[in-house]
Amino acid sequence: RVHAMLAALDALGAGSLRSVYWSGRVTLCASPEDVERYDRVFAAYFGGQGTTPSRVRVPPVQRLVAVPADPAVEPDGQRAGDPPPELLATASRAEVLRYRDVATLSAADRAEVHRYVSALLLAAPDRPTRRLRPTPSGPVDARRTVRSMLRHGGEPVELRRHRHGRRQRRLVFVIDVSGSMAPYAETLLRFAHAACRARPGTEVFTVGTRLTRVTRELRGREPSAALAAASAAIPDWSGGTRLGDELKEFLDRWGQRGTARGAVVVIGSDGWERGDPGLLGAQMARLSRLARRIVWVNPHRGRPGYTPSTGGMRAALPYVDRLVAGHSLGAMEELARVLDGPRRGGGHARGDA
């Protein structure tokens with residue numbers, strides 16, 4: 001704890017009494033009793049009362065309470081005047097909407113969910129590079145160690161070490177905008193827009209009756225303007241579905257040229273395929289040989305008793321690493337965690353459904 005305090009003080013600077021106080025408090029105190037004891041010792045050491053900086057006041061968090069349609073009847077059948085359940089008093093807006101299907105929400109609630117999705121903080125899965133970088137720990141860098149010894153008369157003053165650097169993996173979205181995916185396509189595009197802001201190398205494509213690249217439109221900073229630009233660029237919104245044909249076009253034009261190579265590919269679709277499911281399976285096999293991971297987002301996955309019964313899903317599932325739901329805010333948070341996680345050990349998600 002003393003070493004941690006000195007490191008914090010070195011970062012904050014010792015020229016301010018406030019910096020000294022907080023450097024010690026965040027590192028030396030492990031309980032509320034320690035805080036009171038620390039305040040007394042600090043005031044005594046630095047010259048008496050009035051020396052301890054004032055504590056930061058955190059504003060109270062506003063929470064929402066569900067209001068029934070009939071003012072005479074309270075939730076759960078309670079009459080007016082009865083004390084409301086404690087659960088309703090503590091449920092926040094995000095918690096209420098977290099597990100509700102976006103297809104069943106009102107326009108106002110759906111806009112609220114989209115606001116939360118746009119604010120998601122996406123981690124960046126990375127990969128090792130060939131270039132070695134100096135680090136405090138790791139294998140010994142013989143060349144740099146020998147050069148250091150020559151500068152000090154042959155004495156091994158310090159062992160220099162290095163590790164392979166890390167680089168962000170490319171994230172590629174292929175989002176189905178057909179009629180059956182209409183209630184969920186905008187939510188997935190909002191998620192893709194958040195990824196574009198967090199990771200500049202992200203690529204976004206939409207599929208329906210044709211393949212459309214909307215990466216440039218989704219690079220805008222403001223979510224609503226970016227979604228409007230993407231919608232204007234998509235000519236087949238709420239049309240049919242030809243996943244096999246469009247995935248083949250993606251691989252021929254973009255995937256094999258490097259876009260999908262070593263990337264994490266996210267396919268958002270319910271698996272309804274009007275074309276040949278065999279073609280979709282063949283293209284998924286091609287994609288699995290190029291991509292690092294394939295994550296399939298199916299909104300129907302979140303429904304009780306779901307089984308991948310459509311021909312498209314049955315053809316694609318052997319080549320999918322993870323099958324996740326995409327029907328709610330909680331499902332989008334789960335997708336963010338899945339993208340940050342490691343690849344499943346050498347297998348596919350055949351039992352994941």
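E186 is partly exposed, with a relative accessible area of 31%. In this predicted model, E186 forms a salt bridge with R190, and their closest N and O atoms are 3.6 Å apart. R190 is buried, at a relative accessible area of 12%. The two residues lie in helix 8, 4 residues apart, or about one turn of the helix. The points below start from helix 8 and then turn to the cores, other salt bridges and a surface patch.

**Helix 8**

- Helix 8 runs over residues 182–198 and has 17 residues.
- From its first C-alpha to its last, helix 8 reaches 25 Å, which is close to the 24 Å expected at 1.5 Å a residue.
- Helix 8 is largely enclosed by the rest of the structure, because 12 of its 17 residues are buried.
- The buried residues of helix 8 include Y184, L188, L189, F191 and C196.
- Polar or charged names also appear among the buried residues, including T187, R190 and H193.
- R190 counts as buried because its 12% relative accessible area is under the 20% cut-off.

**Nonpolar cores**

- In soluble globular proteins, nonpolar side chains tend to be buried together.
- The largest nonpolar core here has 39 residues, and those touching the most other members are F173, F191, V204, L218, L335 and L339.
- Several elements give two or more residues to this core, among them helix 6 (107–118), strand 3 (171–176), helix 9 (223–233) and helix 13 (329–340).
- Strand 6 (264–268) and strand 7 (293–297) are also among the elements that give two or more residues.
- Helix 8 gives the most to this core, with 9 residues.
- Leaving aside residues up to four places away in sequence, F191 touches V117, L120, L122, F173, M332, L335, A336 and L339.
- A second, separate core has 26 residues, including Y306, A316, L317 and V320.

**Other salt bridges**

- The count of salt bridges in the model comes to 12.
- An α-helix has 3.6 residues a turn, so residues three or four places apart point the same way.
- D34 forms a salt bridge with R37, with the closest N and O atoms 2.9 Å apart.
- D34 and R37 are separated by about one helical turn, because they are 3 residues apart in helix 3 (residues 32–45).
- D34 counts as partly exposed at 22% relative accessibility, and R37 counts as partly exposed at 43%.
- D252 forms a salt bridge with K248, with the closest N and O atoms 2.9 Å apart.
- D252 and K248 lie in helix 10 (residues 243–253), 4 residues apart, which is about one turn of the helix.
- D252 is partly exposed at 34% relative accessibility, and K248 is partly exposed with a relative accessible area of 34%.
- R242, D245 and E246 are joined into one network by salt bridges that share partners.

**Surface patch**

- V2, L6 and L28 form a nonpolar patch on the surface.
- Together, V2, L6 and L28 have about 260 Å² of accessible area.
- L6 lies in helix 1, which covers residues 2–12.
- L6 counts as exposed because its relative accessibility is 51%, and the cut-off for exposed is over 50%.

Note on methods
Residues numbered from 1 in each chain as written. Predicted model: local features only at pLDDT ≥ 70, side-chain atom pairs only at ≥ 80, totals over all residues. Heavy atoms only, no water. Patch = residues over 30% accessible without salt bridge, like charges linked within 9 Å, V, L, I, M, F, W, Y side chains within 5 Å. Areas by Shrake-Rupley, 256 points an atom, 1.4 Å probe, with all protein chains shown as cover. Salt bridge = Lys/Arg side-chain N within 4 Å of Asp/Glu carboxyl O. Buried < 20%, exposed > 50% of the residue type's maximum accessible area, 1.4 Å probe, protein only. Expected span 1.5 Å × (residues − 1). Core = buried A, V, L, I, M, F, W, Y, C linked by side-chain atoms within 4.5 Å. Contact = heavy atoms within 4.5 Å.
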